[in-house]
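Dear colleague,

I am passing on the structure below, and after it you will find a short account of what I found. Please read the two together.

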Amino acid sequence: MKLVLLGPPGAGKGTQACKISERLGIPHISTGDILRNEVAKGSSLGKKALGYMNEGKLVPDEIILEIIKNRIVETDASRGFLMDGFPRNLKQARMFSEILNSLDMKLDRVINIEVSQDEIIKRLSNRRVCEGCGKVYKVDGGDLNIEEKRCERCGGKLKKRSDDEINVILNRLKVYENETKPLVDYYTSEGLVINVDGNGNEEEVTKRILESL
Ligand code: AMP
């Protein structure tokens with residue numbers, strides 16, 4: 001199955017993408033993860049992307065499309081994929097259609113996860129990620145010892161993503177409204193969109209997505 005996951009930052013796309021891709025046996029392709037990995041390696045691509053990411057802005061389309069063109073021809077993607085965080089604007093969506101056409105592929109579904117803005121701000125402010133393996137954790141506002149906690153999977157330190165500070169969150173939400181949300185209409189006109197309620201716990205949302213497919 002060839003799927004795209006849409007939704008505002010903090011809708012739970014990354015968490016859901018891991019679960020859904022595992023269940024369906026298809027690779028989870030997250031442009032955000034690929035970029036963070038390049039930043040961590042200190043590659044020239046990472047250096048180009050870092051400034052945009054820290055401000056909550058979109059990384060230039062040319063960089064992203066190059067990443068996607070290279071990733072989608074890897075053998076594991078021939079049986080399907082789940083895109084998380086891509087496409088992010090109309091230009092990327094149109095270019096993505098061209099890339100897929102040239103490979104004789106087409107999208108099966110676009111899953112749009114819907115969550116209210118208040119809930120998003122709460123979730124992103126309370127999110128921590130493991131420095132080692134990227135596992136995502138939710139913290140309580142009152143959980144003062146969180147910086148000392150370690151990842152249950154790899155023992156790595158938990159930290160706040162640099163773009164999860166409130167001023168950057170607000171910028172990311174603005175970018176989402178202006179640039180990414182129009183993709184819901186774009187893909188609806190192609191008859192591909194399934195809207196899924198992203199409120200509630202992770203398992204409930206996963207169940208809703210799987211049932212809708
Ligand atoms: P994410 O993990 O999807 O929230 O992405 C984190 C950051 O990486 C975004 O705020 C952007 O700066 C950048 N990014 C990720 N995917 C894209 C994309 N498809 N187009 C442009 N920038 C992206």
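**What surrounds the ligand**

A polar side-chain atom of Gln92 lies 2.9 Å from a nitrogen atom of the ligand, where a polar contact is a pair of N or O atoms within 3.5 Å. Of the 480 Å² that the ligand exposes when taken alone, the protein buries 95%, with accessible areas taken from the Shrake-Rupley method with a 1.4 Å probe. This is a predicted model, in which local features need pLDDT of at least 70 and side-chain atom pairs count only at pLDDT 80 or more, while totals for chains, interfaces and linings use all residues. Residues are numbered from 1 along each chain as its sequence is written, and side-chain values use heavy atoms, with hydrogens and water left out.

A nitrogen atom of the ligand is also 2.8 Å from an N or O atom in the side chain of Thr31, and a nitrogen atom of the ligand is 2.9 Å from a polar backbone atom of Gly85.

**Helix H9**

In helix H9, residues 202–212, the buried residues (under 20% relative accessible area, 1.4 Å probe, protein chains only) are Val205, Thr206 and Ile209. Seen down the axis of H9, these buried residues fall within an arc of 100°, taken from the directions from the helix axis to the C-beta atoms, so they line one face of the helix. They pack against helix H1 (13–24), strand S4 (109–114) and strand S8 (193–197), contact meaning heavy atoms within 4.5 Å. The face turned away from the buried side of H9 carries Lys207 and Glu211, which are exposed (over 50%).

Helices (H or I, at least four residues) and strands (E, at least two) are DSSP runs, numbered from the N terminus.

With best regards

Definitions and conventions:
Polar contact = N/O pair within 3.5 Å; in protein donor to acceptor, adjacent residues only side chain to side chain.
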